[in-house]
Amino acid sequence: TNHELGLWDLKQQRLLYQWSHKENKKPDITAVANSEDEQFALSAEKKQWVLWNILTGKALHQFQAKHRILDIAISSTGEYALIATQGGLAYYYDLTFQDVAFTITHDGPINSIALSRDNRYAVTGSDDKSAVLWDLQQQKLIHKWQHKKSVKFVAISPNNQYVITNS
């Protein structure tokens, strides 16, 4: 099938919903994510991102970013989203209040992001050759790892014990 953005049922091996940010337009999706509780999904297209209800297939809200979106993550319960942009900014959104709770900055595009399962920490990786661990509750930088090249991918373990970076 030729569906650009779809939600699939793995047990029944069938398409549940076909999503589009704009009607009658083929999407240019840059990132997708889904919540661990399987109730919400995020999709990003250029400078726009959408929060979807997985159970109904409906778009709950559309958001605009100032810069092209490079990566997205959603909290395990769907209450928060982390949006990484080409402009060196990442936004930690409170989806309940539809507002930015914390802004993360780098000196280059933020290529990769990860949220901890408990929503306490975020990890960002950037073209500024750094990976950074952030405390989202206290809204501060905890640790910065310098690399020889741009950081392309980051991950944080479910128990918050490890961070993986790739440059």
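Gln98 sits in the loop that connects E9 to strand E10 (99-105); here helices (H or I, at least four residues) and strands (E, at least two) are DSSP runs, numbered from the N terminus. Although Gln98 is not a glycine, its phi is positive, at about 50°. With a relative accessible area of 40%, Gln98 is partly exposed, where buried stands for under 20% relative accessible area, exposed for over 50%, and partly exposed for the range in between (1.4 Å probe, protein chains only). The model is a predicted one, in which local features need pLDDT of at least 70 and side-chain atom pairs count only at pLDDT 80 or more, while totals for chains, interfaces and linings use all residues. Residues are numbered from 1 along each chain as its sequence is written, and side-chain values use heavy atoms, with hydrogens and water left out.

Asn160 offers another case of positive phi in a residue other than glycine, with a value near 65°. This residue belongs to the loop between strand E15 (153-156) and strand E16 (163-166), and Asn160 is partly exposed, its relative accessible area being 25%.

Turning to the interior, the largest nonpolar core holds 18 residues, of which Trp49, Ile72, Tyr93 and Leu95 touch the most other members. Such a core is a set of buried Ala, Val, Leu, Ile, Met, Phe, Trp, Tyr and Cys residues joined through side-chain atoms within 4.5 Å. Two or more residues of this core come from each of strand E3 (29-34), strand E4 (40-45), strand E5 (48-53), strand E7 (69-74), strand E8 (80-85) and strand E9 (89-94). Another core, of 14 residues, lies apart from it and includes Ala90, Phe102, Val132 and Leu136. Beyond its neighbours within four places in sequence, Trp49 is in contact (heavy atoms within 4.5 Å) with residues including His21, Leu42, Phe63, Ile83, Tyr93 and Leu95.

Tyr91, in strand E9, counts as buried at 9% relative accessibility. Not counting residues up to four places away in sequence, Tyr91 touches Lys66, Ala81, Leu82, Ile83, Thr85, Val100, Phe102 and Thr103. Of these partners, Ala81 is 10 residues from Tyr91 in sequence and 7.9 Å away in space, C-alpha to C-alpha.

An open sheet of 4 strands follows the order E3-E4-E5-E6, with antiparallel pairing; two strands pair if DSSP finds at least two bridges between them. E3 and strand E6 (59-64) are the edge strands, each having a single partner, so one side of each lacks a neighbour in the sheet. From one strand to the next, the twist averages 15°. E5 and E6 run antiparallel and are joined by 5 bridges, and Gln48 is placed opposite Gln64 in E6.

At the start of the chain, strand E1 (6-9) and strand E2 (14-18) form a hairpin with 4 residues between them, and Gln13 in the turn has a positive phi of about 50°. The antiparallel pair E1 and E2 is joined by 4 bridges, with Tyr17 in E2 as the bridge partner of Leu7. Leu7 and Asp9 make up the covered face of E1, while Gly6 and Trp8 make up the uncovered one.

Note on methods:
Axes are lines fitted to C-alpha atoms, for helices over the stretch in contact, and angles run from 0 to 180 degrees between N-to-C directions.
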